[in-house]
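Got the viewer open and ready to click through a fold? Let's take it stop by stop.

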Amino acid sequence: MNISTLVGLKNNLEYSQHFYKTFRQIYPTEELVFVSYGSTDGTNSWLFNLNDPNTITFFEEEGKTFSDTYNKAIEIATKDFVVFAHNDMVVAPNFLENLEKYTHKDRAISYTTIEPPIFVDHERPGKIIKDFGTDIET
């Protein structure tokens, strides 16, 4: 595929590791880009020790903005297209395949997210509220 999956990180190591594990179960060889600025919970150490030739990592102790994080991820990605993801997501099978169907150099596309009821007040297009459980595993 010609898509880099970009994930900005700042702490929440447990979520980052879960995202990585579940993403790799579906996409063992697709490009994954992690960028962390200012993490203090072991995230940067985990990235340093991540031995995965299909993952590009960048981290600094200095904190930077959300925009800085994703701009850096775009800069170091190697594919022609990128998808912005978050470490609290669980990617479903065919996620990248369905995005790739619609990629074009003159088109921006989005995807639907399903989020728990605690985010009911954060309205935006393409978002569904559904309760799937109480923790990262459920």
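One term to settle before we start: a pocket here is an open set of grid points with protein on both sides within 12 Å along at least five of seven lines. Keep that for a later stop, and bear in mind throughout that this is a predicted model.

**Stop 1: the sheet**

Show the strands. You'll see an open sheet of 4 strands in the order E3-E2-E1-E4, with parallel pairing. Now pick out strand E3 (55–60) and strand E4 (81–86): they stand at the edges with a single partner strand each, so one side of each has no neighbour in the sheet. Turn the view a little and follow the twist, which averages 20 degrees from one strand to the next.

**Stop 2: strand E1**

Select residues 3–9, which make up strand E1. How many of the residues of E1 are buried? The count is 7 of 7, so to speak a mostly covered strand. Colour the two faces separately: Ile-3, Thr-5, Val-7 and Leu-9 sit on one side, Ser-4, Leu-6 and Gly-8 on the other, and all of them are buried. That pattern fits a general rule: in a regular strand the side chains alternate between the two faces of the sheet.

Next, look at who pairs with E1. Strand E2 (residues 32–37) runs parallel to E1 and is joined to it by 5 bridges. Along that seam, Val-7 stands opposite Phe-34, and Leu-9 has Ser-36 as its bridge partner. Strand E4 also runs parallel to E1, with 6 bridges between them; there, find Leu-6 opposite Phe-84.

**Stop 3: helices on the sheet**

Bring up helix H1 (residues 13–26). H1 packs on the sheet and touches E1, E2, E3 and E4, and its direction makes about 175 degrees with that of E2. Then add helix H4 (residues 95–102), which also packs on the sheet, touching E1 and E4. The direction of H4 makes about 120 degrees with that of E1.

**Stop 4: Val-83**

Select Val-83, in strand E4. Is Val-83 buried or exposed? Its relative accessibility is 6%, under the 20% cut-off, so Val-83 counts as buried. Show its surroundings: leaving aside residues up to four places away in sequence, Val-83 touches Ile-3, Ser-4, Thr-5, Leu-6, Phe-95, Leu-96, Leu-99 and Tyr-111. For a sense of scale, draw a C-alpha to C-alpha distance from Val-83 to Thr-57: 16 Å in space, 26 residues apart in sequence.

**Stop 5: Thr-69**

Jump to Thr-69 in helix H3. With 7% relative accessibility, Thr-69 counts as buried too. Setting aside residues up to four places away in sequence, its contacts are Gly-8, Leu-9, Val-35 and Tyr-37. Try another C-alpha distance, this time from Thr-69 to Val-7: 8.7 Å, although their positions lie 62 residues apart along the chain.

**Stop 6: the second largest pocket**

Last stop, and the place to use that definition. The second largest pocket has a volume of about 200 Å³. Of the 14 residues lining the second largest pocket, select the ones closest to its centre: Gly-8, Leu-9, Lys-10, Phe-66 and His-86. E1 and helix H3 (66–76) are the elements that give two or more residues to this lining, and H3 has the largest share, 3 residues. Colour the lining by type and you get 4 nonpolar, 7 polar and 3 charged residues.

Terms used
Residues are numbered from 1 along each chain as its sequence is written. This is a predicted model: local features need pLDDT of at least 70, side-chain atom pairs count only at pLDDT 80 or more; totals for chains, interfaces and linings use all residues. Side-chain values use heavy atoms; hydrogens and water are left out. Two strands pair if DSSP finds at least two bridges between them. Axes are lines fitted to C-alpha atoms, for helices over the stretch in contact, and angles run from 0 to 180 degrees between N-to-C directions. Contact means heavy atoms within 4.5 Å. On a 1 Å grid over the protein atoms alone, a cavity is a set of points where a 1.4 Å probe fits but cannot get out, and a pocket is an open set with protein on both sides within 12 Å along at least five of seven lines; lining residues have an atom within 4 Å of a point. Grid points are joined across faces, edges and corners, and a volume is the space filled by probe spheres set on the points. Ala, Val, Leu, Ile, Met, Phe, Trp, Tyr, Cys and Pro count as nonpolar, Asp, Glu, Lys and Arg as charged, and the others, Gly among them, as polar. Buried means under 20% relative accessible area, exposed over 50%, partly exposed in between (1.4 Å probe, protein chains only).
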